[in-house]
Amino acid sequence: MGGGCITFNKIADNPQYDLQIIIPCYNVEKYVEECLDSVLNQKTQYSFLVVVVNDGSTDSTGEILRKYENIANVKIITQKNGGHSAARNAGLKNIESKYIMFVDSDDYILPGCIENLMSAALRTGANIVEGGCYNLVDGRMEINVVHEERIVPARALKGYPWLKIYKAELFSDVCFPNGLWFEDTINQFLIYWKAQIAYCISDMVYVYRQVATSVSHTYRENKKAIDTYYVTEQILQDAKKLSFSFGTDYLYLYLRQVLCNYTRLKRCPKNVREAIFIKESNLLSLFDKDVKVHKRHKQLYKCLTGKDFGRYELWCKTHR
């Protein structure tokens, strides 16, 4: 299993910036300039610091980043390759702002992104604010996420770490799990749980570039797909250490994740799927003994507690 999700991130008592934007970079020579320029060219009343983490790139990414190293509000961190989690965590170690934002280096943000997200956050006091997003597919823009402007439960937000801004204190004691794929799972189980309430805006703020080599497009053919279970286990154990309530609402999140894990693992050999099913069944011991089960998941819960693998797979196939 990879590293845990509990840490200590230093947050400045008197933050110098309104927003800290963390951009992890690994071999993104084709895209990194467009990404950084989309951030630095933002017209906004809010101050922001851009923390770029060069995570051991072996192409010309490092050389491109040197063009930006003398810009006052840009900080470049260079480290050995540790993966996406390690890069984001390096940017979280010292937080010099009231809010945090993540931008992936093969993506870019749209004009007005910072202004619109920050204005909504300060106007509403929301712990998290999320906007809309386009997918960039073979040069075509397609709508991925679109919102009406409103208050929502944080767990209703998309699981992506990008596309939104967060109050800095949400990350005071939480980091991404090193060495594991599907590290974004911390949002639903840790960050959103701490935030509880969020705010959505109708503005489109982000462009997500679909890259064929990304984890979201390759996990089905990779043995690392089993990380979807290990990251779930790690996060639940850390949530217990953080004294989260393991009641009805948290069980709802967990059972929804079990279905997600099934989808990611369905191409694995049967003996692997069955072993992970047993492990997921055993994780139910973390939850309150008198926990109530949402009606949507009652049959799934029954399959897990009864260790009925056949019915579990049938249920998952028919409840995507």
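What follows is a short walk through one strand, one helix and the cysteines of a predicted model.

A good place to start is strand S8, which spans residues 128-137. This strand is mostly covered, with nine of its 10 residues counted as buried. Several other strands pair with S8. Strand S12, made of residues 197-209, lies parallel to S8, and seven bridges link the two. One pairing to look for here is leucine 136, which sits opposite arginine 209 of S12. Strand S11 (residues 164-167) pairs with S8 as well, this time in the antiparallel sense and over three bridges. In this pairing, glutamate 130 faces lysine 164 of S11.

Then there is strand S9, residues 140-145, which runs antiparallel to S8 and is joined to it by five bridges. Valine 137 has arginine 140 of S9 as its bridge partner. Together S8 and S9 make a hairpin, with two residues between the strands. Aspartate 138 sits in that turn and has a positive phi of about 50°.

Further along the chain comes helix H10, covering residues 298-305. Its buried residues are Leu300, Cys303 and Leu304. These residues end up on the same side of H10 because they cover an arc of only 95° around the axis. As for what they pack against, the buried residues of H10 meet helix H8 (248-265), helix H9 (270-282) and helix H11 (309-317). Just after H10 there is another positive phi, taken by lysine 307 at about 55°.

Cys303 also leads to the matter of disulfides. A disulfide is a covalent bond between the sulfur atoms of two cysteines. The structure holds zero of them. Cysteine 303 is in no disulfide, and the nearest cysteine sulfur, belonging to cysteine 316, is 7.9 Å away. That is no match for the cut-off, since a disulfide needs the two sulfur atoms within 2.5 Å. Cysteine 303 has a relative accessible area of 6%, so it counts as buried.

Cysteine 268 is in no disulfide either, and the nearest cysteine sulfur, that of cysteine 260, is 13 Å away. With a relative accessibility of 15%, cysteine 268 also counts as buried, because the limit for buried is under 20%.

Technical notes:
Residues are numbered from 1 along each chain as its sequence is written. This is a predicted model: local features need pLDDT of at least 70, side-chain atom pairs count only at pLDDT 80 or more; totals for chains, interfaces and linings use all residues. Side-chain values use heavy atoms; hydrogens and water are left out. Buried means under 20% relative accessible area, exposed over 50%, partly exposed in between (1.4 Å probe, protein chains only). Helices (H or I, at least four residues) and strands (E, at least two) are DSSP runs, numbered from the N terminus. The arc is that of the directions from the helix axis to the C-beta atoms. Contact means heavy atoms within 4.5 Å. Two strands pair if DSSP finds at least two bridges between them.
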